[in-house]
Structures are given as structure tokens and as C-alpha cells.
Amino acid sequence: MARVVLAAAFIVIAGCCFSVCLGQGDLVIYKLNQATCTQYQVGPTYDCRWPANLNGAMDYQVLKGKIVAYKIQWSNGAWTDWFVPGYNDVDYKFNPAAMSCSVPYVANSMRRMWSYFYDHTHLYILCQ
């Protein structure tokens with residue numbers, strides 16, 4: 001009689017715990033629907049939604065995906081370090097005046113560093 005040993009692994013993703021049955025070469029037996037991530041480098045967008053506010057879902061609204069990290073190229077050619085939305089990307093400047101835009105863009109509002117997508121070359125990793 002053959003003996004089959006199965007083990008369970010616990011995976012923690014964003015605070016949620018999942019168990020996966022291991023065995024048969026440790027292959028997950030379920031279909032995995034995972035995002036595909038692509039890096040893009042683009043010029044200024046002139047899209048007023050980027051600097052409008054602190055909306056953490058602007059990437060979904062504009063690009064139909066999740067930006068997991070991005071960089072800004074300054075006018076002197078230097079690149080910033082990587083920014084991660086929601087972790088280290090609140091801009092040190094704010095919007096001093098209101099602007100007409102398809103999303104709320106009010107005077108004296110804070111914004112994310114991706115506000116510079118409006119008028120700077122930028123690099124981002126988008127997952128869909």
C-alpha cells in the first residue's frame with residue numbers, strides 16, 4: 001500500500017490567510033487567476049485627474065489597472081526613487097487653486113506624487 005503525504009501551507013496576502021494543499025509535486029490544484037504586470041515609460045499625459053486629489057484608485061480610473069510602483073523624471077533628467085501608491089507617495093506640494101476636471105479638484109487639496117504624470121515623463125508598473 002502506497003503512502004501519500006499531504007501537507008498544508010498557509011499563505012498570508014494583505015492580511016488574509018489562505019491554505020493550499022501541497023502534494024503531487026507541490027502543485028496547486030486550483031486554477032490561478034493572477035495579474036499580468038507590465039512596465040511602461042510615457043511622457044506627460046496632461047490629464048487633470050492625476051493631480052486632482054489623493055484618490056488611491058485613480059490608476060484604475062485612468063489606466064484600468066493597478067499601479068504597483070512608479071518613478072518621475074524631473075526636468076534635469078534625474079529620476080526619483082520608486083514610489084508605492086498609498087505607502088510613500090503623498091506629494092510635498094498641494095493644489096493651491098481649484099481646476100475644472102472630471103473629478104473633484106478643489107483648492108488647497110493634497111495630492112499624490114503621480115500628480116507629476118500631468119507634465120513629466122514617468123515610469124510605472126501596471127498590473128491588470
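1. In this predicted model, D91 is a buried residue, its relative accessible area being 5%; because buried here means under 20% relative accessible area, D91 falls within that class at 5%. The residue sits in strand 5, which covers residues 90–95.

2. What does the side chain of D91 meet in its polar contact with R111, and at what distance? The partner is the side chain of R111, and the separation is 2.7 Å. A polar atom of the D91 side chain also lies 3.2 Å from the backbone nitrogen of K93, so that a reader inspecting this acidic position may wish to look at both the side-chain partner R111 and the backbone of K93, given that D91 is buried at 5%. Once neighbours within four places in sequence are set aside, the residues in contact with D91 are R111, R112, M113, S115 and Y116.

3. R111, the partner of D91 in that polar contact, belongs to strand 6, residues 109–112. Is R111 buried or exposed? With a relative accessibility of 11%, R111 counts as buried, because the cut-off for that class is under 20%. Its side chain makes a polar contact of 2.7 Å with the side chain of D91, and a further polar contact, of 3.1 Å, links the side chains of R111 and N95.

4. The surroundings of R111 can be listed in the same way as those of D91. Leaving aside neighbours within four places in sequence, R111 is in contact with P51, N53, L54, D89, V90, D91, K93, F94, N95 and Y116. Y116 therefore appears in the list for R111 as well as in the list for D91, while R111 counts as buried at 11%.

5. Turning to the nonpolar interior, the largest nonpolar core has 16 residues, and those with the most contacts inside it are W50, I67, Y70, W114 and F117. Two or more residues of this core are given by each of helix 1 (58–63), strand 4 (66–72) and strand 7 (122–127), and strand 4 provides the largest share, 3 residues. In soluble globular proteins, nonpolar side chains tend to be buried together.

6. W114 deserves separate mention, as one of the residues with the most contacts inside that core. Apart from neighbours within four places in sequence, W114 is in contact with W50, N55, G56, M58, D59, I67, Y70 and P85.

7. What is the strand order of the open sheet of 3 strands? The order is 3-7-4, with antiparallel pairing. Strand 3 and strand 4 are the edge strands, each pairing on one side only, and the twist from one strand to the next averages 15°. Strands of a sheet pair through backbone hydrogen bonds, either parallel or antiparallel.

8. Strand 7 has 5 of its 6 residues buried and is thus mostly covered. Strand 3 (residues 37–42) pairs with strand 7 in the antiparallel sense over 6 bridges, with Q39 standing opposite I125 of strand 7. Strand 4 pairs with strand 7, also in the antiparallel sense, over 6 bridges; within strand 7, H122 is the bridge partner of I72, and C127 stands opposite K66.

Terms used. Residues are numbered from 1 along each chain as its sequence is written. This is a predicted model: local features need pLDDT of at least 70, side-chain atom pairs count only at pLDDT 80 or more; totals for chains, interfaces and linings use all residues. Side-chain values use heavy atoms; hydrogens and water are left out. Helices (H or I, at least four residues) and strands (E, at least two) are DSSP runs, numbered from the N terminus. Buried means under 20% relative accessible area, exposed over 50%, partly exposed in between (1.4 Å probe, protein chains only). A polar contact is a pair of N or O atoms within 3.5 Å; within protein, one must be able to donate a hydrogen and the other to accept it, and residues adjacent in sequence count only if both atoms are side-chain atoms. Contact means heavy atoms within 4.5 Å. A nonpolar core is a set of buried Ala, Val, Leu, Ile, Met, Phe, Trp, Tyr and Cys residues joined through side-chain atoms within 4.5 Å. Two strands pair if DSSP finds at least two bridges between them. Axes are lines fitted to C-alpha atoms, for helices over the stretch in contact, and angles run from 0 to 180 degrees between N-to-C directions.
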